[in-house]
Amino acid sequence: MSGTSMTTRAWLLMLPLLVVMIAVIGWPLVDTVGLSFTDAKLVGTGGNFVGIDNYAKMLANSNFQRTLITTAWFAIISVAAEMVLGVLAALLLNQDFRGRGVLRALMILPWALPTVVNATLWRLIYNPEYGALNAALTQLGLIDAYRSWLGEPGTALTALIVADCWKNFPLVALIALAALQAVPRDITAASLVDGAGPFKRFRFVILPYLVGPLMVALVLRTIEAFKVFDIIWVMTRGGPANSTRTLSILVYQEAFSFQRAGSGASLALIVTLLVTVLAAAYAALVRKTAGSAT
C-alpha cells in the first residue's frame with residue numbers, strides 16, 4: 001500500500017472524530033468569538049456590534065486586574081506547594097518499608113475524590129461553628145475562639161490553597177514516584193560508597209532524573225490552577241468581598257449572574273488566550289524534554 005493511500009485511509013478513519021470535534025468545540029468557539037464583539041445580553045436580542053469595546057473595557061477594568069492577580073497568586077502558591085509535597089511524598093514512598101503498598105494506595109485517595117466532594121469536606125473542616133480545624137487549634141491553645149476561615153478575606157484564599165494542595169499533590173507524587181523508579185540502583189549505591197550524604201545524593205544523582213517529569217507536572221498543574229473554578233465555587237463562591245474570585249468565576253458572574261453575554265464571551269476568550277500561552281509552554285517543554293532524552 002502506497003504512502004498516499006495510507007494517508008488517505010488515516011484521514012478517513014479520523015473523519016468521525018474531526019466532525020465531532022468541529023461540532024462540539026469548533027462551532028461554539030466561533031460563536032463565542034462573534035458574541036464577544038457585541039453587547040448581547042443573556043436573555044433577549046442578539047445585541048449590537050461594538051467591535052473591541054468589550055475587550056478594551058475588560059482589560060481596563062479594575063475588577064479584572066484584581067482577579068487576575070488573585071488567580072496568579074493562587075496558581076503560584078498552590079502549584080509550588082504541590083510540587084514540594086509531591087516530591088517529598090514520592091521520596092518517602094520510594095523507600096522500602098512494610099506497608100508501602102497500602103500507603104501508596106491511600107495517597108491516591110485525595111486525587112481520586114471528585115472535586116466537589118473534596119471541597120465539601122474542607123468546607124466542613126473550616127466550619128466556624130463545629131469545624132475540626134477550629135476544635136483542634138482551640139484544644140492545642142493556638143487560638144482563643146473559633147474563627148470563620150472561609151469568611152475572612154485574610155484567610156479565605158489560604159484556606160482554599162490548602163484544600164487544593166491536598167487534592168492535587170498526589171498527582172505530582174505519582175509522577176515523581178514513576179520517575180524515581182527509573183533511577184539506576186547502581187548509581188545510588190555508588191554514591192553511598194563514595195560517601196555522598198542525602199542532600200548531595202538527591203541533588204546530583206536523583207534530581208536529574210526528576211527534572212523532566214516534574215517540569216511537565218509543573219506546567220500541567222499551573223494550567224489547571226489557572227482555570228480553577230469548582231473547588232472555589234463550592235467553598236466560597238468567590239467571596240468574601242471577592243477575595244477568592246478567580247478568572248473562571250468572573251467569567252461565570254459576567255455571563256450568567258450579570259447576564260452580559262457579550263462581555264462574558266470576551267472575558268472567556270481572554271482567559272482562553274492566557275491558558276493557550278501556558279499550553280504552548282507545555283508543548284515546548286515536552287519537545288525539549290523529548291529532545292534531551294534522545
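Which residue caps the N-terminal end of helix 3? That would be N61, with a side-chain oxygen sitting 2.7 Å from the backbone nitrogen of N63. Keep in mind that this is a predicted model. Some notes from going through it:

1. **Helix 3, end to end.** Past the N61 cap, helix 3 covers residues 62-93. Its 32 residues, at 1.5 Å a residue, ought to span 46 Å, and the end C-alpha atoms are indeed 46 Å apart, so expectation and model agree.

2. **Aromatic pairs, starting with F37 and Y55.** The model has eight aromatic pairs. One of them joins F37 and Y55, with 5.6 Å from centre to centre and 50 degrees between the planes, which makes the pair tilted. F37 is in the loop between helix 1 (3-35) and helix 2 (53-60), while Y55 belongs to helix 2 itself, so the pair links distant parts of the chain, 18 residues apart.

3. **How covered are those two rings?** Y55 has 17% relative accessibility and so counts as buried, the cut-off for that being under 20%. F37, at 25% relative accessibility, counts as partly exposed.

4. **W233 against Y252.** Here the ring centres are 4.8 Å apart and the planes meet at 65 degrees; that is over 60, so the pair is edge-to-face. W233 comes from helix 10 (residues 230-235) and Y252 from helix 11 (residues 247-257), so the contact ties together parts that are 19 residues apart in sequence.

5. **Burial in that pair.** W233 is buried, its relative accessible area being 18%. Y252, with a relative accessible area of 30%, is partly exposed.

6. **The cluster around them.** W233 and Y252 belong to one aromatic cluster together with F229 and F256. If you're looking at the edge-to-face geometry of W233 and Y252, it's worth displaying all four members of the cluster: F229, W233, Y252 and F256.

7. **A charge over a ring.** R203 has its charged end over the ring of F204, at 5.1 Å from the ring centre.

8. **P184 and its surroundings.** You'll find P184 in the loop between helix 7 (153-180) and helix 8 (185-193). P184 counts as partly exposed, on the strength of its 26% relative accessibility. Its C-alpha atom is 9.4 Å from that of I206, a residue 22 positions away along the chain.

Notes. Residues numbered from 1 in each chain as written. Predicted model: local features only at pLDDT ≥ 70, side-chain atom pairs only at ≥ 80, totals over all residues. Heavy atoms only, no water. Helix = DSSP H or I, 4+ residues; strand = E, 2+ residues; numbered from the N terminus. Expected span 1.5 Å × (residues − 1). Polar contact = N/O pair within 3.5 Å; in protein donor to acceptor, adjacent residues only side chain to side chain. Phe/Tyr/Trp six-rings, centres within 6.5 Å; stacked < 30°, edge-to-face > 60°. Buried < 20%, exposed > 50% of the residue type's maximum accessible area, 1.4 Å probe, protein only. Lys NZ or Arg CZ within 6 Å of the ring centre and 35° of its normal.
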